[in-house]
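Here are some friendly notes to read alongside the structure. I have kept each point short, so that you can check it as you go.

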Amino acid sequence: MYHIFVNPSSRSGKGRAVWTKAETYFKEHHIPYELHYTKKNAPTRPEFEAILQKDNEQTIPILVIGGDGTLNQCINGISEPERFSLSYLPAGSGNDFIRNKKLPASLSAKLDSILARNNEILIDIGTVTLKAADGQSICRNFLVSSGLGYDAEICHVVNTSHLKERLNKLHLGKIAYLLVGLKNLFATKVCDMEVTENGQAKTYPAVFFITALNQPYEGGGLPMAPAATDTDGRLSFLIVYGMNRLQALRMIPALTAGRHIGKRGIHLTDGTELTVTMPFPKAIHSDGEYLGDYTKYHIALGKKIKFIY
């Protein structure tokens, strides 16, 4: 039996519209399912634990309908990823998780492919552990990316304003990130950061942001790490540092087009572990979801999960 997790509010109601069509498909093909609606910022761990208790299938299939944030909710609800297989129908404004995976065009063709298990891969799950100045810490999983500083500030502002919702209704949701990004570029506080990358420590001056990527894209299609893949057991680490505001502004078109690699103030490499220590709390995100402001940031690879599409 499929367990289907739907975010009905994703992209101003697109999640509900996609589910309405998918529901017809499941009923016409007599495929048993159980429906779960997600709510903003509500944990899914209790639902997944209940599924594990009552479902004795060797591999429990789940289908997520929503955006990257909905996927993040679900991957953080799963305590035993080896017990599940994950499938996905994109209905968000960014959809960076699926951008480098070739899906059929129509909804019915996507579902045909999932049910036939045409593509089956094991994908990496990233983990971020955060520590605050008072010693409290949290741990979160991610499938697309996790970052600190400027890009996390953009995520926080966009997701707490009505701008994205309004632009989504005009199919212009990505512009929200650009507008907020331009405004925050001159407001963000840069600082020196101590970075330990794959066991090697170095201090980077005037860091704008640091991002760990499991996919080539983040922020609604920005090719931050064009060579990244979620099947190689490694993450891509991008550090943007040592620029003044005007230089950073000039870098935005290069980042947008994927032409930033090798330029001054850009450090891009890959690995399995990254630790960052900051002199004051900085904003952190996981798959575009704001987690808070912290002084210590640790990235590593977690378990894998089977992805079917």
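The numbered points below go through a predicted model, region by region.

1. Let me begin with histidine 3, which sits in strand E1, residues 2–6. With a relative accessibility of 1%, histidine 3 counts as buried. Its side chain makes a polar contact with the side chain of histidine 36 at 3.2 Å. The side chain of aspartate 55 is another polar partner of the histidine 3 side chain, also listed at 3.2 Å. Leaving aside neighbours within four places in sequence, the residues in contact with histidine 3 are Glu34, His36, Ile51, Lys54, Asp55, Ile60, Pro61, Ile62 and Leu63.

2. Tyrosine 88 deserves a look as well. This residue belongs to strand E4, and its relative accessibility of 1% makes tyrosine 88 count as buried. Which backbone atom lies 2.9 Å from a polar atom of the tyrosine 88 side chain? The backbone oxygen of glycine 66 does. The tyrosine 88 side chain also makes a polar contact with the side chain of asparagine 95, at 3.3 Å.

3. Staying with tyrosine 88, its contacts beyond four places in sequence include Leu63, Val64, Gly66, Gly67, Asp68 and Leu71. Asn95, Phe97, Ile98, Ile114 and Phe307 are in contact with tyrosine 88 too. Serine 10 is 78 residues away from tyrosine 88 along the chain, and the two C-alpha atoms are separated by 14 Å.

4. Two of those contacts, Asp68 and Leu71, are among the buried residues of helix H3. Helix H3 covers residues 68–75 and is mostly covered, with 8 of its 8 residues buried. The buried residues of H3 are Asp68, Gly69, Thr70, Leu71, Asn72, Gln73, Cys74 and Ile75.

5. Now for the cysteines: how many disulfides does the structure hold? The count is 0. The cysteine sulfur closest to that of cysteine 74 is in cysteine 139, 17 Å away, which is too far for a bond. Looking from the other side, cysteine 139 has its closest cysteine sulfur in cysteine 74, again at 17 Å and too far for a bond. Cysteine 74 counts as buried because its relative accessibility is 2%.

6. The structure holds 1 cavity of 30 Å³ or more, and the largest cavity has a volume of about 30 Å³. Tyrosine 88 returns here, as the lining consists of Tyr88, Leu89, Leu103, Pro104, Lys110, Ile114 and Tyr309. Strand E4 (84–90) and helix H4 (107–116) each supply at least two residues of this lining. By class, the lining of the largest cavity has 6 nonpolar residues, no polar ones and 1 charged.

7. The second largest pocket has a volume of about 190 Å³. Helix H1 (14–28), E4 and H4 are the elements that give two or more residues to its lining. The largest share, 4 residues, comes from H1. Lining this pocket are Lys14, Ala17, Val18, Lys21, Leu89, Pro90, Ala105, Ser106, Leu107 and Lys110. These residues divide into 6 nonpolar, 1 polar and 3 charged. Leu89 and Lys110 appear both in this lining and in that of the largest cavity.

8. Please also check a couple of backbone angles. Most residues other than glycine have a negative phi. Arginine 117, however, has a positive phi near 55°. Arginine 117 lies in the loop between H4 and strand E5 (120–131), and at 41% relative accessibility it counts as partly exposed.

9. Asparagine 198 likewise has a positive phi, near 55°. Its place is the loop between strand E8 (191–197) and strand E9 (200–213). Is asparagine 198 buried or partly exposed? At 37% relative accessibility, asparagine 198 counts as partly exposed.

10. Asparagine 198 leads on to threonine 272, since the two are in contact. Threonine 272 is found in the loop between strand E11 (266–271) and strand E12 (273–286). Its relative accessibility of 36% makes threonine 272 count as partly exposed. Besides Asn198, threonine 272 is in contact with Gly233, Arg234, Phe237, Ile299, Ala300 and Leu301, leaving aside neighbours within four places in sequence. Alanine 300 is 28 residues from threonine 272 in sequence, and their C-alpha atoms are 5.6 Å apart in space.

How values were computed. Residues numbered from 1 in each chain as written. Predicted model: local features only at pLDDT ≥ 70, side-chain atom pairs only at ≥ 80, totals over all residues. Heavy atoms only, no water. Buried < 20%, exposed > 50% of the residue type's maximum accessible area, 1.4 Å probe, protein only. Polar contact = N/O pair within 3.5 Å; in protein donor to acceptor, adjacent residues only side chain to side chain. Contact = heavy atoms within 4.5 Å. 1 Å grid on protein atoms, 1.4 Å probe; cavity = no way out; pocket = protein on both sides within 12 Å on 5 of 7 lines; lining within 4 Å. Points joined across faces, edges and corners; volume = space filled by probe spheres on them. Nonpolar A, V, L, I, M, F, W, Y, C, P; charged D, E, K, R; others polar. Disulfide = S-S within 2.5 Å.
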